[in-house]
Amino acid sequence: MGWKDVALTKKGNAVLLNGNEAIARGALEAGVCYASSYPGSPSSEVIDTLSKISSSDLYVEWSINEKVSLEGAAAASFAGLRSMCVMKADGLNVAFDFLTSMNLGGCKGGLVIVVADDPLGHSSVKEYDSRYLAKAAMVPVLEPSTVNEARDMVIQAFDLSEQLKGPVMLRSVTRVSHTRGLVTLNKLPKMRRKAEFPAGECFLTKTIFHMKARDRLDKAAVIIEESGFNYYEGFEGADTVIFCCGTSLLYAREAIKTLGLQNEVKVVKVGTTLPLPEKFILNHLQEASNVIFAEEIRPFLEESIMILSSRHNLGKARFYGKITGDVMGLRGPACGEMNADIIIKVLANIKNLYYRTPGYDPEVKEELGTMIPPREYAMCPGCPHRASFWAVKTAIAVDGRDCIVAGDIGCYCLGAWDTGFNLFDTLHCMGAGPGIASGLSKLGRFGLERPTVTLVGDSTFYHAVIPGLINGHYSGSDYLCIVLDNSVTAMTGHQPHPGTGINTCGEPATTVPIEKIVAGLGIPCKIADPFDNKNATECIFEMLRKPGVKVLILRQECALVQARKQGKKKRRVYVDQTICRGDTCGCGRFCTSVWGCPGNIWDPVNGKAAIDEAVCVGCGVCAALCPADAIVVEEVY
Amino acid sequence: MEVNAIVYGAAAKLVEEVLDTDLCSGCGACIGYCPYIKTIGERVAVIHDCNICEGVCYRVCPRASTNYQLLRQEVFGSAQFDPVLGTYENMYFARAGNELIHTKGQYGGVVTAIFAYALKQGLIEGALMTGGDFTRTKPAVVSTVNEMLACTGSKYTASPTLSLFQEAVKKGFQNIGIVGRPCQVTAARKMQEVTEIKGERISLVVGLFCMESFTPDFYDYIKENNLDEYYRMDIPKDVQFERNGENIFVPFDEVRKFVCKSCYSCFDPLSELADLSVGSTEHDPGWNTLIVRTEKGAELVKKAVARGVIETKPYPKELLPLLRKAVFYKKKRVLEGPDTNYLELTPYERKYFLATGVDV
């Protein structure tokens, strides 16, 4: 598993790859020359993999946001190279302005945009379906169902893009990107393309090119009618048909097998959901009495097929989908992930079968639920965000003016919940914090007197914060922007950014320090260490009370990065239980019940606090906050 | 209610009764025992709903329910007292014997002189005092004469000096002296009763006269008006700033808006529970008014006079009615105000004060 399997294994061998590695392999097999991305789960491993095998034949880049990332990849395509841009669903919004312009004029070398959706939002603040954006941008969409198919589709997507002279989107989801499957490797191309941008060749955006984009979709519809990614399984004359795409294929198979309906139900798998392979679908739609739709997240395929059915006056079939409310999980229709049970329920209903969901009875489940201790999201042991949050919490409480905290996107999203002391009042998207803070600070004339602070990350700063700062500074806003600088894009797996001093491939690179950018904007800037919690708190307090836009950088390296760098722990932290006052302290077990670092544990035998030295990274912040001074920090040599 | 009855839901009560009602005088007594009450820039806040039943914060707060009658009993062993000036043995004009202390002090330098003497005598090993100056106070745990000298001079904002008490305890001091405003004196007396925080180590309490103190916004005012270029501030009547013999006066009405709201509820301008109370004479800037209240205070003053540490002269009889009048009306205003429920005064006590206050 991993990048070595992707790059070094001989062709013909089967290797176990996750979906993102398979996408990376597919790109290599297709002869990709330029690959760029802004990291975001569940898409990050594509570029993580390619960055390890970057060579003279391949340029790989962690860009500072999805928009510049796509612009770079498009540029490579303009020059005739095959290029790929990877992002999570949220990132497509950021790149969208460019995408909707570029797609009109089109491009040249194969350009594949890989967008990984995150149904149920396992690692996202929002859940949504990027296919609707592709539709708005008029970009064809391919949806793989398995890891192996993801690899195959990437190759086809490059071909299709070059045939159409426009970008093609590959839509993955968490359960494809983060599932492992066997991939039999194809040959890597030897041919090397030359980048050419001949004088006189232009890539412009004009209103009239709207027609080009339309025609491109029409052309795509003809091509994908022959695509091997659309096929059916099961009894051809079945009266019940499941139309599915993506991972729902696997759930549909499992549902049919579970109910033993192999000879009664047909699965129609659609790999090209935009544009639809209309003839192929009509073929399977015409004779069906019951039509079930299985897809994630919104009823995209469902809507398209219903329109198709209506256009052809096929009034015979009864539809079972999200629009009809038949297909739904715990969150109701069109929200959350698909699973086999959801499809089983629909099938059992149609076929009048009794099906009992395996597992405990609902009553037992409910009772068990009350017995399980509540488990919150957790930040890592020694995470600097925890210290920063405590400093912010303290400063705004003492300030006493009921400060509004505008959050932003990163590990520190946890500031919105218990783990982050429920600090955030707003939380939306990359860079939203400063914009919201800027707006709130303008509402004094309408009676809103609460001061505003916004918390953003370092990678977020480069991604989308700077415009908000400029806007705030220029418009005379009053807010404090706190940059939680852990010197890495931590949440998505420690990718470098312009502040880290290394590039995508780990080589030294120009550093673009945040403080210099802020100083250049003419905005007052201070730097503090959240581990020196008292000083950081006072700094926040003081800056909060000053007029104008201010920036405070709370700088402390991500605990995971630091632990990897230093290897052995430099400091040992332990509780002197003769000093710890236990439950008589008056702190109410602050270290374990409020502070929330996994390194702080309770010793039930002695009724005292303790440190889990296996996970403690030795930051020592808990020692500074312990009211009894019972936590000892020892330098280890 | 006992002086120091255990209070349940302490921090929540503190928020509800003291902080949210603007009664907090910023004394700092509630800070330092737990991670949930913090002070920055002379502001105090409960930053987390701690839900700890036995918290000491409410028990030591001078603006939480306060029974002066019981506290007087604890401090003086008797409930006999003068309703206006509090319990006292003697009143003097006093000044430091040491010229340096005298000049550095606001008036007579008596507080610094007495504390330096108590330190040398081993009566105390450390003290909580307030350093810095009128442009920014700096609470300090001091244990040398030099450190004490850095704390001379009056400050006019509400420094939360008592927040450092646990630091003094952690430094191992067994006998700790406290110099503070009247609210801090009351807090110190309450703290003495709480063994969990080693309050019994408070062994000398010197209180200042205090008619009001300013909120931290006063610092901004000083800065904005370039008054920080002056090195001495006083409030004889209007606010006086002095620099190399040059004086400017700001009408008190201009700074009245900075007076802490809690000061309007203060029934104790003369630190009635202190061992010694010290203030200005309002007549002679070279001398302090010294009120000797407890036996311990009397003993210390006696020795200090004998050693020439301080010099005293009788408090002029003709000034007493003036002082009484000023204090009586301050207290009366407070009694008539809305925020005196914390005082636990019986209707009889109120009546007694109002009836006898001016003439006794």
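**Reading the contact between chain A and chain B**

About 1600 Å² is buried between chain A and chain B, and carbon and sulfur atoms give 64% of that. This is a predicted model, in which local features need pLDDT (the predictor's confidence in each residue, from 0 to 100) of at least 70 and side-chain atom pairs count only at pLDDT 80 or more, while totals for chains, interfaces and linings use all residues. Residues are numbered from 1 along each chain as its sequence is written, and side-chain values use heavy atoms, without hydrogens and water.

Me: How is the area buried between chain A and chain B to be read?

Reply: The size of an interface is often given as the accessible area lost when the parts come together. Buried area is that loss (1.4 Å probe), summed over both parts. In chain A, the residues losing the most area to chain B are A:V398, A:G586 and A:P627, together 29% of what that side buries.

Me: How many residues does the contact take from chain A and from chain B?

Reply: Contact means heavy atoms within 4.5 Å. Chain A supplies 20 residues and chain B 18 residues.

Me: Which residue forms a salt bridge with A:D629?

Reply: A salt bridge is a side-chain nitrogen of Lys or Arg within 4 Å of a carboxyl oxygen of Asp or Glu. Here B:K170 pairs with A:D629, with 3.5 Å between the closest N and O atoms. The rule finds one salt bridge across this interface.

Me: What does the predictor give for the complex as ipTM and pTM?

Reply: The ipTM is 0.88 and the pTM is 0.92. Chain B averages a pLDDT of 89, and 96% of its residues score at least 70.

Technical notes: Chains lettered and ligands numbered in written order. Buried area = accessible area lost by both parts, 1.4 Å probe.
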